[in-house]
Structures are given as C-alpha cells and as structure tokens.
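Reader: I am a first-year student, and I should be grateful for a close look at a single part of this model. Would you please take chain A and explain how its surface meets the neighbouring chains?

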Amino acid sequence: MKITVTVNAVDHTRVVEPRLLLIHFLRDDLGLTGSHWGCDTSNCGACVVWLDETPVKSCTVLAVMADGRRVTTVEGLASGTRLDPVQEAFAACHGLQCGFCTPGMMMTARWLLDNNPDPTEADVREAISGQVCRCTGYENIVRSVLRAAGREGAGEHEPRLRVTPPQGGRAVHPGPGQVRR
Amino acid sequence: MQVPAQVEYEKATSVTQALSLLARYAPGARILAGGHSLIPMMKLRLAQPEVLIDINPIQALRYIERAGDELRIGALARHADLLAAELAGQHFTILHDAERVIADPVVRNWGTIGGSLCQADPSEDLSAAFAALKGSMIIAGPDGSREVPARAFHTGPYETVVGPAEMLTEIRLPIRPEAGSAYVKVARRAGDWPIGAAGAAVWLADGRIADVGIGLTAVGAEHFVAAEAEEFLRGQPAGEEAFAQAGQIAAAHCHPASDQRGPASYKRHLVSELTIRVLRTAVRRARGLAPAPGLAPAPGLAP
Amino acid sequence: MLYGAILRSPLAHARIVSVDASAASAHPAVVAAFTGADLAERGMAWMPTLFGDVQSVLATDKVRFQGQEVAFVVATDRYAARDALELISVDYEPLPPLMDASTALDPGAPVVREELPGGNHIFDWAAGDKAATDAAFAAADVVVTCDMTYPRSHPAPLETCGAIADYDAVSGRLTLWSTSQAPHAHRMLYAALTGLPEHKIRIVSPDLGGGFGAKVPVYPGYVCAIAASLATGRPVKWVEDRSESLMSTAFARDYHMHGEIAATADGQILGLRARVLADHGAFNAVAQPSKFPAGFFHIFTGSYQARAAYCEVTGVFTNKAPGGVAYSCSFRITEAVYLVERLTDMLARQLRMDPADLRMRNLLRPEQFPYTGPTGWQYDSGDYPRALQLALDMAGYDELRREQASRRERGQYMGIGLSFFTEGVGAGPRGHMDIMGLGMADGADLRVHPTGKVVLAISVQTQGQGHETTFAQLVAQELGLSPDDVEVVHGDTDRTPFGLGTYGSRSTPVSGAAAVVAARKVRERARLVAAAMLEADPDDLEWQEGKWRVKGDPETALGFVEIARAAHSSLELPDGIEGHLDASAVYNPPNLTFPFGAYICVTDVDPGTGEVKVRRFIAVDDCGVRINPMIVEGQVHRGLADGIGIALMQVIAFDETGNCLSGSFMDYLLPTSLECPSPELGATVTPSPHHPVGAKGIGESATVGSPPAVVNSVVDALAPFGVTHADMPLTPANVWLAIQSVTGVEGVPRVT
C-alpha cells in the first residue's frame, strides 16, 4: 500500500505492507535510526515519537496509520545545528548514559514542556512513567527536564550531595560501637 | 521477532463506511482504533485478522459531551481525552481515578475508550467503572443502532455483544444528583495491569445509600459487577459497618484466579479491602467531603 | 544484508526427533535455513562457554530450556524471516523438566546433562575454616538462622543483543559488529569455533545500549549469524527481541541460601555460616574467574569483624536458560551482601538492638586496613564507621525512628532499612584470576601526535558509563592536558589492546590503572625529551603545573605540546626515545579494590493491600578517588533503582511444566520514574592504596548494596506483625502473604 508520511517536515512516499510497524518504517525505510526498539509489549517507550501533536509508542502503531499525518522523531528536535533546550539540558545534566531510551524521553519531555512549561518534579515523573531507563535511575532525566524548563536549582550542582573530605584514613567517629546522636 | 502476520487494510471515514466494510469482510475483519489492544495481540500472533478497518479518520466519533442528563463519550475518545475532560471528572470522579492508573501517559494518548471496552480484557479498568456507573453502550449495525446496558456488554473474557458486522459508537452515563464515585487499583507497579481493582458509585438520600454500583476488575466478577454486594447496600445507612459487610459479600462472590500477580486468597482479600475503600471515598465525595486521609497513595493506587 | 531469525523451543525439556526446514528454505525471501545438523557439519553446533562447559548453538539431540535455539533462517527482510519460522516443523518428544533446583540431586530427578558424568551436579565448593566456625557457633550466646532466596532476575539492558556478521571471502576476514562487553575474549572464542585465524577476525562493539553483564557471554545468535555469513558470503544481521532476551540470555542470581550468624549477647558477631544451592540453568555459562565456581560469594562476612566463617556452595543444572553471573553482581557479591545484611538485621531484631547500633559495633575499624578476612580476602582500605555515620546523619535517623513509633500508634507502617556493603571489584590479579585461561590484566596504548593531541586505546569499552570522559580525564591529568585533547578509542579489536572487557566494575580499577601507567610512561619520556631540549640532566627536572622544568626555575618550563613536537623534530633525541612519546602498558592489578557504602531506605507499607512505596533512599558511597563525580553519581542512581526493582518486582519465574512466565516486560517488571524517589547521595573518599590514582570502581556498588536496604526496610515496617523475613520480590501479594503467615488472622497486628 502506498503511503505518504510527513516526517520532520519532509514528505516521504513509500509502498509498504499494512503490517509494517511505524518504528520499522522510520528506522529501516527512512533510515531514521534515532528511535529505538526495546520490547515486544509496548512497555519500554524506546520507540516514542510524535504522531501529529502527541507522543505515541511507534511500535504499537502501523505505518499505514500515519498515512497523511505528521511524524516528528528525535532527528527533528534540533534546528540545524541549534539543539533544542531539552537536548542541551540532557547533555548538561548527564541525563543519558547509554542513550537508548533518550530519544523517547526527550520527545516526551519536549511535549510535556510545550503543554506545561513549568512542570513540577511530580509532573515530569508522571509524564515519563511509561518509559523505561536502565542506566540513570531516572534522577538525571528528571533534572534535565526541569533544567530545560528553566527551573532554579535543577542544575548539575546538586545541593543534596554531601561530600566528606578525605581524612587521610583517620576515622572521625567518636568511638567503637557508638552511633553518634 | 514480534511482528504481525500479513494483513489487509482499509480506511473508513464514516460509520456507514466502516459498517459496510465490516459486512464485506466479516468475520475476518477487525476494527482498528488506537490499536493499543489489538496490535500487541497481532505482534504476538495471538490475533491474526485478515482485514483491519482503520476508523481513526472518523473524527466525529471522538467527543465527550453532555446531552441533557447524560454524559456521552464517543468510542474514539482517547484515554487522554477522558482524563483531561473536566466534564467527566466533575460528574464521575471514578473515571479520572481509573484513567490516572490505566497504562501510562503515552499509551493513553492513542488508546481509545471504545477499543479498550471492545477488547474486553478481564483486567481492563473502564469496564468496571462504566458498570459501576450503570452506563450503557450504543452499538451501530446494518439495521441501525441499539443500546445495551454496560452490565450486559461483556459476555466473557475478550467477548462482548458487539457482532462481527457491528461497531461500538458511544458510551452513555446518566448524571444523577447526590452522586459520588471512586476507583482504586492495586498493581505490582505503575502502569501494570491490576492485581485487583474496585470502583464504586453511590447515590445518597437522607444519609442512606439509595443506589449503588460496584465494579470489580481482574477478579472474575460476572459482568465486572458485585451484584450481591450492591443488593445488600441498597437502603443501608452509609457507614463503615455497611461498607465492611459489602466488602465481605463482594469477596465471597467473585472468582479470582491464582497467577503471577498473586494467589486467589490474596485477590479475594483485595476485593473486600478495596470495596470498602472505594465505598468510603465515594460516600465522602457524595457528601462533598475530601477523600479519607491516610497514607500517601502507593503508585497505582488512587487517593 | 540478510536478516536472521531464530526458531526457539517451546518446551523446557524434550528430545528432538526431527527438524525439517525445507518449507522455510522454499519461502521466496529466504536465502538459507540452518538446523543443528547443518551446523554440526561445520563443527559449530556446540560452542565453549566462558566457564569450561559447552553450550548448544542450535540443538542437536535435546532441547534443555524453553527458548533454546533450534533453527536459524536468513531472509532478505526481517518480517519474512519471522514468517519463515512458522514453516519449520520440529518433532519433539517431551521429557519431564527439572525446574526446581532443590530436587536436582534427588534420585530419579530428570537429568539435564546426561552426557556429563555428574548428571545435574556441577560443583561443590567451600571456603573458610569449618572447624573454627563450628567452634565460634558453639561458643555463641545467640545464633540466628534464615533460609533466603535471591530470586532469578535478568539485567534487561534496554538494547537487546545482536550482531552483524560479514565474512569477506576475498580477504578471508570476518568482521562482526556485536553487542559485546568483552570483544577480545570473544574474538579468541570465535577463532577456535570457526577455524578462522584470530588475526583475520575483527569485533566491533563500541556504543552499547546498556550491558549490565547481559552482553558478556557469546550467544548462539552471534554464532548463527557468523555461520550464515560464511555460508552465504553476505552480511547477516541478527537482533533478538525482548522475549528472546529474557528467556535465553544471561540471567542473574538464583541462589538459594541457608545462612547463620552467631553472636554474643551484647551483639558482637562471632561467625557466619552459609550453605548455598546455585541454579545455573542448562549449561554452565557463568562469566567469572575460572578458579571461582561460586564467584566471590565467600566475601559474605561483609563489612564486619566476624573472625570465623565457612560457606559451601553446590551448583546444579536445571531446565532453564544458562547464565547466573550478570546484572552487577560483582561475581556473586550481590548474593553475599544480601545474605549478611539480612542476617545482621535479623540478629539486631533478636537481640532487641537498633540495627544501626549493631552495625556500628561490628564494622571493621580503619586501623585494621589492609584487612585480611576469614575467607582470604584482603580489603585494601576503608573507613566504615565514618560512612555509616554520614548516612545516619543525612537520613536524620533518630527522627525517622521517632516518626516510625508515632505512626505505629496510628496504625501506619513505615520501615527504615539499612545496608552496609563492601564490594570487591577490578578483577584481577592474573596469577589467580583468569577467564578461559586468559589472565585478567588489561592494556592501554597511548599515541601522542606531533601537535600534542593524544589517542588512548583501551581494552574495555563502554555501555554508557562514560569511559570516553573518565579515561580522558585520567590521561589529561597525568599529562597536563585538557580532556578535550584526549581521544579515547574502544570497542574495536583492530584498534585496541587485548583485555578481558567491561564487567565487574573493572574498567576504572584495571583499565583506568593501565591508562594512568601508560600516561606516566609518556610523561617520563617527555622528561627525557625536555631534558634534551633544555640540555639538562633528566634528574634535575621536576613536573610542576603540567610542565617539565628545571627544579626551581619556572622560566624553563616546557609544556607537553612543545615536547611532543620536539620529539618528532630534528632534535638530537636521548637514549630511550626513538622519535615519539608513545607508550603502552598492561596492568596486572595486585589485588581487587574494595569500594563500600552505607545505604538507608525508608518505605511506607500498606498492610491492607501489601503495597510498598519507597519514600527515601539515602546512599553514601566510597569508591576511593572520584574521577568524575557526576558520572559516579549516575552509576549510584541506577543501582538504587535496581535495588527497588529487584526487591519489589523483578523475577524470572517458571511454572512446573517449564514455561517461562517472565518473557516480556508485561511480566518482567522494571521500575519506572514513579517507583524511584529522588535519591540523596553522600560520599566519603578512602583511596585505594594500590591503584595509581587511588580509585576503586563504582559501577555495581549500588546494585549490590540497595536490595538488602529495601528488604530490611519492608521487614522493619512489618515488625509489629511479627514478620521477620520475606523473600524478594516483595510484591503486594508477597507482602500480604508474609503478614498472613505470621498473624494467621487477616491483617491484625500482633502486640509486641
């Protein structure tokens, strides 16, 4: 079946099987490998892209369903060489390690901030709750999104970190067996 | 490599067209709405339809509106639409309670109310919610539309009364005074299918329960309803003693199965516990009070 | 490019009567189909595991776990390959499956490996002093025992495993792009398996989407892709899907432990004993040093002063996927730490002592380091009480206990769980640590360009933990450069020195050390060149602020860039310098390094439903010198999330007929952003005395230390009900059942 999908503002016309999943259309037919495939049951969100204005799990959408619609992938986040604030924030806040979940996380983050420019931490956690990360424990992803939103105190200098300077091996506890109260 | 088997595909831009395509291709045709129930089944090759009829272009079926004493939900309304609809939350808090714990925000963007109901998974949350609210479904077919009570819509696991040449078009919920409702779900993790869930809708009169609907999810309750508990509650004073007894009755009359989510004994306990909690909250809401204080709700657990 | 798909066994245990792939071969898009018999002709139906056993590539005689590889098709597109699998017919003769490890050695149990003399028995192994331990127990006032299971789980990196095999018949070279945490070791294994000479094989494995141990072994899919490329002369791509990954690749844990702790009445730990049954699945494919069949489990005395300890471990085969060492276990230290931290908490409960007090009383003291434990481990450095105190201060421990008491009066149940762990990472000294006979030393090559830019090639490679940054920092620090001047090359066996790969938190302790040693060699060469440039004696030079200069004379300072240029110039070069500053090193670590930490987990438990919410997670880590604090913290964040998942929801489960019940992310549940609170991190720094920069490694620490903190917290919350232990995962059902099993009456707390 012939479909025309506008991906990152460019029209693409291809002949595809109706069963072709949107994620495979994007990756294999169009070479947009920024979106990833991570599970079989629509649980992990590595495949999140925008279909028209909303993030969807593209492994659970057929390419034919995108016919005549717009798709935005992570490749469409930057404007030329200018990174989207979400991308800049993820880089600054160590919001990615292996990077496999990152495109999906950033697409959801961008959508969240477009609709809710000043989210709380709870809002951010709720927004990404359908997407799995195995590397970051989500903390720096949340910080990245809050930083992209321009919230104060969401930078990489985390006031909660307490570092005790090296004592040259000497202990500073008051004595054996006592918990200092 | 989980990808669907070969399938044919048609697009429908109107209900009439959808029905005629269904008639042409039945029984091997399936309606494709959000696809978030059907496509996963197709990837596992547990469902292998011959033809998919994509009804997403039928924008006219995507609405949530008030019509007189009813809230009407178009079958193509997305879960996200329902969660965002103030109208729905205002009259039926149970729907927002439930939507908040259905799947995850991204899935809710695309999955539809009609699709979830027609998939008829015994663990699907809205079925119990609509049953508790005593709503009804509008089913369009070659001979026109018919109305079926929500409590008669599901005939078994993955089975509804929608025939092979019919489609669900609308859900209707009666708006009645002195109402309060709530839904609570226990899952192993945010976004997981429920281990057990309960929804209650109460209508009060003079401090007593004039009418009540109790819906149960994932515990083998017939038509997702705790009918015996409802019968007991009608006319009772709305208080803890009645809730506790209703919980016991509901637990005694469901048929949970032991599985990875837990043994039947635990699920049966949950039915009792959750029935009590949703009744308590529903009554407080009917009285215009805040939900009962207590621990911060665990993930997946509505306040 | 051709695409491969694997047909897998639906049965856990069955004889293969016949496999007929002819219909699949006839599919128009299928180029070739392979069965076990086809591979056997090429000598590739069986392959060595990393631990001296063999593993089936495509089944020939039997299938031994559900999901085992039976046939392989290659087609011109992926969807067609998937379709073609349905055209392969296999005739199975079902056999009773062995799913319960505790029955594996019973007479009459189904035999998984009848071709081996031991049948289901793999090994018995013991460590420690049995007599001294028995004596300690006999003399003790209190002995607490517990049977506990560390359930089977799976590392589940978000990117699954896969490979592209490309054999070029003209050059005789095989290039394999694969998800491998140990590309050099894999290269050697493929050479042995295929008969291709090692120097004609190139493994490329740079940017992995997570590893966590899942990408250490060689998997049948890689071998099938290679075989198909050899046979067809075309590149063949195979990528597994999530269910294949969960059902057939390296699982983790599955240790059934009986633990005992002996103490005096006032809480001095005298000894520890453990007896463990290890379920290894159908093949012994553990990825750990060969002399340690139970890994480093015998570090199970943990962080305490127990002078007597003895453990026995028995390993058995079952009809499940092979593996066992994965998922940040530091070679079974996750299991050991879980055991000792649960026992410690149970001892505290028995003695009616606060668990923080009990730990503080028994922690090793700084003056005891380096400390040699009762099972032979020599811990390099540590200041344990300081870390525990910091964690307690950060948590506001006393305030939490007051809150707990007050909530209990109101029928609300919160738990405070501690965990203090010592890790042993950075394997390891090649004299007694090897994998497949390869000593676990790692190399680094430093090349210095004439403009002073540096390329560091290392043998480990990254799955997201930031080696490109950390290693660049290490070299830049030694040479007075900016990290931007250092390019880190990894993951390509053609361009990197030999090494054993990334796992067991060994990159910083071993490869990092190699990089530093190589950088210091470069700096010493630079000294010689600088001396020639200054016409001075090399011994008269000092390295100050990133430059070589004559002692006390800043005017003579020469930066690295100038020196590098000079090394390539017409300058008369001194002896020992041939015309460049390049250097390489192979680092043989003298010992493991021993990071440690103190964790506190606060949970709220709803006894009516069994739901657990993790409210706070306080984590103090000491990984020696912290090269890049942001990266270190990122590693800890991840491990804390692991702990929540492992403790509360993750398990690879089977039913008695051998079906894997956790073959998708719908049932193998991973924690989301809603289950993981924002962690509160603290740090102490106790450098490793034997590491060139004092760093210890951090990658697995939090996964080791966090599960016991969570479990201790939940059990603490349920203490009023009389619950003393409950096995992971603490799903709502399991929490509720734990309460029922003690109270007998639904949800009524016993008065304590």
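Author: The following account treats the two interfaces of chain A in turn and then turns to one sheet in each partner chain. Please keep in mind throughout that this is a predicted model.

We may begin with chain C. Here 54 residues of chain A are in contact with 65 residues of chain C. The size of an interface is often given as the accessible area lost when the parts come together. For chain A and chain C that buried area is about 4900 Å², and carbon and sulfur atoms account for 55% of it.

Charged pairs also join the two chains, with three salt bridges counted between chain A and chain C. One of them links R19(A) to D83(C), where 2.6 Å separates the closest N and O atoms. In addition, 17 residue pairs are in polar contact between chain A and chain C, both residues being at pLDDT 80 or more. Which elements of chain A give two or more residues to the side that touches chain C? They are α1 (22–29), α4 (121–127), α5 (139–148) and β6 (162–163) of chain A. Sorted by class, this side of chain A holds 22 nonpolar, 16 polar and 16 charged residues.

The second interface of chain A is with chain B. In this case 31 residues of chain A are in contact with 30 residues of chain B. Chain A and chain B bury about 2500 Å² between them, and 63% of this area comes from carbon and sulfur atoms.

Between chain A and chain B the count is three salt bridges. Among them is the one between R108(B) and E126(A), whose closest N and O atoms lie 3.1 Å apart. Eight residue pairs are in polar contact across the interface of chain A and chain B, with both residues at pLDDT 80 or more. On the side of chain A that touches chain B, at least two residues each are supplied by β3 (48–51), β4 (54–57), α3 (102–115) and α4 of chain A. The largest share, four residues, is that of β4(A). This side of chain A divides into 15 nonpolar, nine polar and seven charged residues.

Let us now consider the partners themselves, starting with chain B. Chain B contains an open sheet of three strands in the order β1-β3-β2, with parallel pairing. Because β1 (8–11) and β2 (29–32) of chain B each have a single partner strand, they stand at the edges, and one side of each is left without a neighbour in the sheet. From one strand to the next, the twist averages 25°. Strands β1(B) and β3(B) (residues 51–54) run parallel and are joined by four bridges; within this pairing, E8(B) stands opposite V51(B). Helix α1 (residues 15–25) of chain B lies across β1, β2 and β3 of chain B, at about 155° to β1(B).

In chain C there is an open sheet of five strands, ordered β9-β18-β17-β16-β10, with mixed pairing. Its edges are β9 (121–128) and β10 (142–150) of chain C; each has a single partner strand, so one side of each lacks a neighbour in the sheet. The twist here averages 10° from one strand to the next. Seven bridges connect β9(C) with the antiparallel strand β18 (residues 308–316) of chain C, and A126(C) has E312(C) as its bridge partner in β18(C). Finally, helix α8 (residues 333–351) of chain C lies across β10, β16 (255–263) and β17 (269–279) of chain C, running at about 140° to β10(C).

Note on methods
Residues numbered from 1 in each chain as written. Chains lettered and ligands numbered in written order. Predicted model: local features only at pLDDT ≥ 70, side-chain atom pairs only at ≥ 80, totals over all residues. Heavy atoms only, no water. Pairing = 2+ DSSP bridges. Axes fitted to C-alpha atoms, helices over the stretch in contact; angles between N-to-C directions. Contact = heavy atoms within 4.5 Å. Buried area = accessible area lost by both parts, 1.4 Å probe. Salt bridge = Lys/Arg side-chain N within 4 Å of Asp/Glu carboxyl O. Polar contact = N/O pair within 3.5 Å; in protein donor to acceptor, adjacent residues only side chain to side chain. Nonpolar A, V, L, I, M, F, W, Y, C, P; charged D, E, K, R; others polar.
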